[in-house]
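Here are a few exercises to work through with the model open beside you. Try each task before you read its solution.

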Amino acid sequence: VSFCNPRHDLEVKMNDSTKPSCSADSSPLSRLVKRCAANLAGDQRARDYLRANGIADEKSLAAFRVGIGDASLFESLDAATRQHLTSVGLLRAKGLSPLARNGVVLPTYDPREPERVIGLIKQSYTQNKHTFITTPRGLACTSEIQHAERVIIADAPLLGLKLAQAGCKSVAVAEVPEVLPPLIDWLAQREVVLASYKPYAV
């Protein structure tokens, strides 16, 4: 292991699991991610925020499925969909919706199955704070990471996006260290580079 320190609206309804999907993952969380990604193009505040932080490459944003929240997706959910979103920690009884439009979201994946959404990270506009808004699981990454021989793991979403925009291949974001132990067998087969603004990386 080496270290570095660099400074449309979807027609598919949330409660309709009978329609075919072009993706292998047709879960409610995956459909929510697609809707959020579709929202990004029309959200000027989100795009201004990303540009202000040095991220303007459309290919990188699309590859990481970056999106903007849509709390209206929580309306009129059937019992099964509500149970699924509750099980991943996304639905909350009180407080501001985690999908309020006050930050961009990045889905996370098990890199061995990079098409199945298992979590969501939110990068807030305020003080550039970022955190899981679901149960912490998986890495924010692109689909090509599955067979990569070398992986760069960043500990912040904006850093990961900047590295990908700069041309680095197989970049992933580990929002918290706890997501790495379940991936130890996969990581052990690869060269791993840890990237962080902090003196001590994940």
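**Exercise 1.** How many of the five residues of strand S9 (residues 191–195) are buried?

*Solution.* Some ground rules come before the count. This is a predicted model, where local features need pLDDT of at least 70, side-chain atom pairs count only at pLDDT 80 or more, and totals for chains, interfaces and linings use all residues. Residues are numbered from 1 along each chain as its sequence is written, and side-chain values use heavy atoms, with hydrogens and water left out.

- Step 1: Get the cut-offs straight: buried is under 20% relative accessible area, exposed is over 50%, and partly exposed is in between (1.4 Å probe, protein chains only). Strands are DSSP runs of E with at least two residues, helices are runs of H or I with at least four, and both are numbered from the N terminus.
- Step 2: Count. Four of the five residues in S9 are buried, so the rest of the structure largely encloses this strand.
- Step 3: Look for its partner, using the rule that two strands pair if DSSP finds at least two bridges between them. Strand S7 (residues 150–154) runs parallel to S9, with five bridges joining them. One of the bridge partnerships is Ala154 with Ala195.

**Exercise 2.** Work out where Val33 sits and what surrounds it.

*Solution.*

- Step 1: Place the residue: Val33 belongs to helix H1 (residues 28–40).
- Step 2: Check its cover. Val33 has 6% relative accessibility, so it counts as buried.
- Step 3: List contacts, meaning heavy atoms within 4.5 Å. Setting aside neighbours within four places in sequence, Val33 contacts Arg65, Pro107, Val117 and Leu120.
- Step 4: Add a C-alpha distance. Val33 and Val105 are 72 residues apart along the chain, and their C-alpha atoms are 8.4 Å apart.

**Exercise 3.** Trace the strand pairings of S4, hairpins included.

*Solution.*

- Step 1: Start with strand S3 (residues 103–110), which pairs antiparallel with strand S4 (residues 113–124) over eight bridges. Across this pairing, Tyr109 is opposite Val117.
- Step 2: Look at the turn: the S3 and S4 hairpin has two residues between its strands.
- Step 3: Move on to strand S5 (residues 130–132), joined to S4 by three bridges and running antiparallel. Here Gln123 has His130 as its bridge partner.
- Step 4: Inspect the second hairpin. Five residues lie between S4 and S5, and Gln127 has a positive phi near 55°.

**Exercise 4.** How many aromatic pairs does the structure hold?

*Solution.*

- Step 1: Rings of Phe, Tyr and Trp (its six-membered ring) pair if their centres lie within 6.5 Å; planes under 30 degrees apart are stacked, over 60 edge-to-face, and the rest tilted.
- Step 2: The structure holds one such pair. The ring centres of Tyr49 and Tyr125 are 4.8 Å apart with planes at 55°, so the pair is tilted.
- Step 3: Tyr49 is in helix H2 (residues 44–52) and Tyr125 in the loop between S4 and S5, so the pair ties together parts 76 residues apart in sequence.
- Step 4: Both Tyr49 and Tyr125 are buried.

**Exercise 5.** Is Ser170 buried or exposed?

*Solution.*

- Step 1: Find Ser170 in the loop between helix H5 (157–165) and strand S8 (171–173).
- Step 2: Its relative accessibility is 6%, so Ser170 counts as buried.
- Step 3: Not counting residues up to four places away in sequence, Ser170 touches Glu144, Ile145, Ala148, Arg150, Val151 and Ile152.
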